[in-house]
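Subject: Structure handover and notes

Dear colleague,

I am passing this structure on to you, and since you have not worked with it before, I have added some notes on what turned up when I went through it. Please look at the structure itself before reading on.

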Amino acid sequence: MANFASGADSDRNHASGVNGVDLTGLLGAAIRERRSSLQISQEQLALRAGLNRTYVSDVERGVRNPSIKTIEKIAQALDVPVVALLEQKPLHRK
């Protein structure tokens, strides 16, 4: 039986997908990559999404487990579909 954290956010519980993939880490990396490509700061993203800048930082670092509603807000602020943030793809490193 699956063990799910209660509440919308969990500071220490990381969502693991198939094969133990760290989904919160992948989500955070995708958000950071898209934000960087738009050349906006965490503060600007937070303002666009109606979130706190420190929360955005935590999500990007994979230490917060955002709700679906929060992921939707972030995706809208980044002008991408939610699925684009959840796709597993190699990250472009510079």
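The notes below go from the overall fold to the helix contacts and then to the core.

Please keep in mind throughout that this is a predicted model. The secondary structure of the protein consists of five helices and zero strands, and the pattern read along the sequence is accordingly α-α-α-α-α. Of the 94 residues of the protein, 34% count as buried. If one takes the contacts in the protein with a separation of 6 or more, residues 24 or more positions apart account for 58% of them.

Two packed helices are described by the angle between their axes and the distance between the axes, and I have followed that scheme for three pairs.

The pair I would start with is helix 1 (residues 23-37) and helix 4 (residues 68-78), which pack at an angle of about 20° with their axes 10 Å apart. Because angles under 35 degrees count as roughly parallel, helix 1 is roughly parallel to helix 4. Helix 1 passes helix 4 in a left-handed crossing, and in this contact L27, I31, R34 and R35 of helix 1 meet I71, I74 and L78 of helix 4. The residues of the contact divide into five nonpolar, no polar and two charged.

Helix 1 also packs against helix 3 (53-61), with an angle of about 120° and with axes 6 Å apart, and these two helices are therefore oblique to each other. Here T24, G28, A29, I31, R32 and R35 from helix 1 meet V59, E60 and R61 from helix 3, and the residues of this contact comprise three nonpolar, two polar and four charged.

For helix 2 and helix 3, the axes come within 8 Å and cross at roughly 110°, which makes helix 2 roughly perpendicular to helix 3. On the side of helix 2 the residues in contact are Q42, E43, L45 and A46, and they meet R53, V56, S57 and E60 in helix 3. This contact divides into three nonpolar, two polar and three charged residues.

Helix 3 deserves a paragraph of its own. Its residues Y55, V56, S57, D58, V59 and E60 are buried, and what covers the buried residues of helix 3 includes helix 1, helix 2 and helix 4. Just after helix 3, G62 takes a positive phi of about 80°.

Turning to the core, it may help to recall that in soluble globular proteins nonpolar side chains tend to be buried together. Which members of the largest nonpolar core touch the most other members? Of its 18 residues, they are I31, L45, L51, I74, L78 and L85. The elements that give two or more residues to this core are helix 1, helix 2 (42-49), helix 3 and helix 4, and helix 4 gives the most, with five residues.

L45 may be a convenient place to begin when you inspect the model, since its contacts are listed here in full. Not counting residues up to four places away in sequence, L45 touches I31, R35, I40, V56, E60, I74, A77 and L78. Among these, I31 and R35 also take part in the contact of helix 1 with helix 4, while V56 and E60 belong to the buried residues of helix 3.

With best wishes

Definitions and conventions. Residues numbered from 1 in each chain as written. Predicted model: local features only at pLDDT ≥ 70, side-chain atom pairs only at ≥ 80, totals over all residues. Heavy atoms only, no water. Axes fitted to C-alpha atoms, helices over the stretch in contact; angles between N-to-C directions. Helix = DSSP H or I, 4+ residues; strand = E, 2+ residues; numbered from the N terminus. Parallel < 35°, antiparallel > 145°, perpendicular 65-115°, else oblique. Left-handed = near helix turned anticlockwise from the far one by under 90°. Contact = heavy atoms within 4.5 Å. Nonpolar A, V, L, I, M, F, W, Y, C, P; charged D, E, K, R; others polar. Core = buried A, V, L, I, M, F, W, Y, C linked by side-chain atoms within 4.5 Å. Buried < 20%, exposed > 50% of the residue type's maximum accessible area, 1.4 Å probe, protein only.
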